[in-house]
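Student: I have a model open on my screen and would like to learn how to read it. Can you take me through a few features?

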Amino acid sequence: MNLFADAIGWILDPSHWTGPDGIPNRILEHLGYTTITVLIATAIAVTLGLYIGHTGRLRGLVVGVTGALRALPTLGLLVYLAVLFGLGIRFALLPTIIVLVVLAIPPLLAGAYSGVQSVDGRTVDAARSMGMTEWQILWKVEVPLALPLIIGGIRSAVLQVVATATVAAYISLGGLGRYIIDALPVRDYTKVLVGALLVTILALVLDGILIFCQRLTIPAGVRAIQISSRERSTSRSTPAVSSAA
Amino acid sequence: MTWVLANLEQIWELTVAHILLSIAPILLGFVLAVPIGWFAHRFRVSRGVVLTVCGLLYTIPSLALIVAMPTILGTKILDPLNLIVTLTLYAIALMVRTATDAFDAVSKDVIQSSTAVGFGAWRRFWQVELPLAGPVLLAGLRVVSTSTVSLVTLGALVGMSGLGYLFTNGYQRNFPTEILTGIVGTVLIAVVFDVLLVLIGRMLLPWARVDEAARRGAGSARVKAVAA
């Protein structure tokens with residue numbers, strides 16, 4: 001347990017907060033990889049998920065893709081691409097981003113697809129009968145209602161990408177993984193723990209922000225229904241209990 | 001391909017090590033997660049706590065947890081126990097959620113009927129709740145199995161055996177064939193495990209297939225109605 005105290009002391013040491021190997025710079029690098037990855041992956045996976053969810057076509061693809069991509073070992077894919085491209089240290093970013101995008105696609109795809117799927121078919125039919133075009137149905141009905149689940153997908157994608165971006169340091173990129181990968185061979189376990197703690201804290205903070213966004217995106221109408229149905233269920237259960245007694 | 005044939009013996013040894021390292025976390029995770037999930041399903045207070053803890057557990061990066069394990073357990077850095085405990089924790093974190101949902105999905109009417117015909121809590125769990133939660137539990141276990149097999153490769157970064165060794169060694173030697181062999185091997189193990197789980201599921205849960213067929217039949221009927 002002493003190692004934990006050492007690690008926290010290391011983090012709080014002001015001399016570790018400056019320079020290219022300082023904590024702020026490593027966090028920024030880490031956030032940089034995460035942001036690029038999640039943006040690219042969202043553009044691909046959410047578009048695809050909305051298309052599949054709305055049209056119902058290619059549904060088997062979701063199950064197949066999410067299952068198959070999960071089995072791919074991240075570390076293996078990363079070093080394979082790095083060696084295959086053979087671009088050297090300066091271009092290590094490309095294989096890293098590809099691998100992280102592959103990792104982020106399954107949760108995003110599942111979130112977008114199940115989000116649209118979860119929209120009540122009667123709501124969509126009602127929108128259609130009011131004369132909305134398919135495009136309007138998608139953007140004005142399905143996407144707003146699916147948004148909490150879509151952001152749920154983004155949450156798990158961000159968590160996985162933040163956690164896995166540590167591996168990028170293995171092919172000589174920056175980020176918080178540097179602390180872990182640099183310190184392992186020299187058996188500096190304090191610094192390894194520092195890396196582990198910082199990544200965990202970063203993941204928790206980002207998750208907290210996204211949970212907040214998820215709450216905000218529940219449409220006002222849906223929230224009203226949720227609250228009223230909760231009140232109804234409690235008011236209904238009370239007399240049932242008293243009559244049982 | 002020549003490299004693969006020349007090194008078959010080593011690849012086989014690494015594969016066996018990989019399989020052994022994967023099995024323990026998958027089984028332990030399942031066995032521990034089902035009762036935890038049941039408690040989370042049964043008691044409202046424990047539900048929030050358990051699900052939050054599992055969520056938090058999943059945010060810890062796997063590599064970080066593997067390297068932090070010796071500090072927590074007091075083991076040596078090369079002890080396979082570090083990897084097994086870490087992956088078991090992940091398996092539990094993934095599985096408890098599904099287990100809770102699985103028990104939640106068991107119809108209340110069925111539970112009440114079984115109580116009414118005289119099932120005690122213990123017999124009800126084994127003969128009513130567990131079998132009915134089976135299909136969902138199996139789906140969760142398949143996810144756990146696939147991700148565990150793939151996570152075992154990370155052990156190579158801290159000097160553990162398994163197919164991940166082909167990644168670190170192939171990277172140092174700048175040799176893509178070796179790395180690709182490791183990737184294909186890992187995916188194959190994951191697929192074999194998955195097929196085995198599905199087969200075990202068919203044997204233990206024959207009613208799940210009937211349910212699924214019924215649902216699929218109803219689904220296609222609905223699609224046809226919409227198309228017409």
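Tutor: Happy to; we'll go through the interface, the salt bridges, a cavity and the record's annotations. Keep in mind that this is a predicted model.

Student: Let's start with the two chains. How many residues does each chain give to the contact?

Tutor: Chain A puts in 33 residues, and chain B puts in 33 residues.

Student: And how do I put a size on that?

Tutor: The size of an interface is often given as the accessible area lost when the parts come together. Here, about 2,900 Å² is buried between chain A and chain B. Carbon and sulfur atoms give 81% of that area.

Student: What about charges? How many salt bridges are there between chain A and chain B?

Tutor: First the idea: side chains of opposite charge can pair when their charged atoms come close. Between chain A and chain B, the count is zero. Search the whole structure, though, and you get nine salt bridges over all chains.

Student: Can you show me one of them?

Tutor: Sure, try A:E29 with A:R26, where the closest N and O atoms are 2.8 Å apart. Both residues sit in helix 2 of chain A, which covers residues 23-55. A:E29 and A:R26 are three residues apart, or about one turn of the helix.

Student: Now for empty space. How many cavities of 30 Å³ or more are there?

Tutor: Rolling a probe the size of a water molecule over the atoms shows where empty space is left. In this model the count is one cavity of 30 Å³ or more, and the largest cavity has a volume of about 40 Å³.

Student: Which residues line the largest cavity?

Tutor: The lining is made up of A:T74, A:L78, A:T96, A:V99, A:L100, A:T164, A:V167 and A:A168. Helix 4 (74-85) and helix 5 (93-117) of chain A are the elements giving two or more residues. Helix 5 of chain A gives the most, with three. By type, the lining has five nonpolar residues, three polar and no charged.

Student: Last one: where does UniProt place the "transmembrane region" feature in chain B?

Tutor: The unreviewed entry puts it at residues 15-36, 48-69, 81-99, 148-167 and 179-200 of chain B. You can check such spans against the model. Residues 81-99 of chain B are 100% helix, with end C-alpha atoms 25 Å apart. Residues 179-200 of chain B are also 100% helix, and their end C-alpha atoms are 32 Å apart.

Student: And is there a domain annotation?

Tutor: The unreviewed UniProt entry has "domain: ABC transmembrane type-1" over residues 15-205 of chain B. In the model that span is 83% helix and 0% strand.

How values were computed: Residues are numbered from 1 along each chain as its sequence is written. Chains are lettered from A and ligands numbered from 1 in the order in which they are written. This is a predicted model: local features need pLDDT of at least 70, side-chain atom pairs count only at pLDDT 80 or more; totals for chains, interfaces and linings use all residues. Side-chain values use heavy atoms; hydrogens and water are left out. On a 1 Å grid over the protein atoms alone, a cavity is a set of points where a 1.4 Å probe fits but cannot get out, and a pocket is an open set with protein on both sides within 12 Å along at least five of seven lines; lining residues have an atom within 4 Å of a point. Grid points are joined across faces, edges and corners, and a volume is the space filled by probe spheres set on the points. Helices (H or I, at least four residues) and strands (E, at least two) are DSSP runs, numbered from the N terminus. Ala, Val, Leu, Ile, Met, Phe, Trp, Tyr, Cys and Pro count as nonpolar, Asp, Glu, Lys and Arg as charged, and the others, Gly among them, as polar. UniProt positions are given in the numbering used here, feature names are shortened, and annotations may be inferred rather than shown by experiment. Contact means heavy atoms within 4.5 Å. Buried area is the accessible area (1.4 Å probe) that two parts lose on being put together, summed over both. A salt bridge is a side-chain nitrogen of Lys or Arg within 4 Å of a carboxyl oxygen of Asp or Glu.
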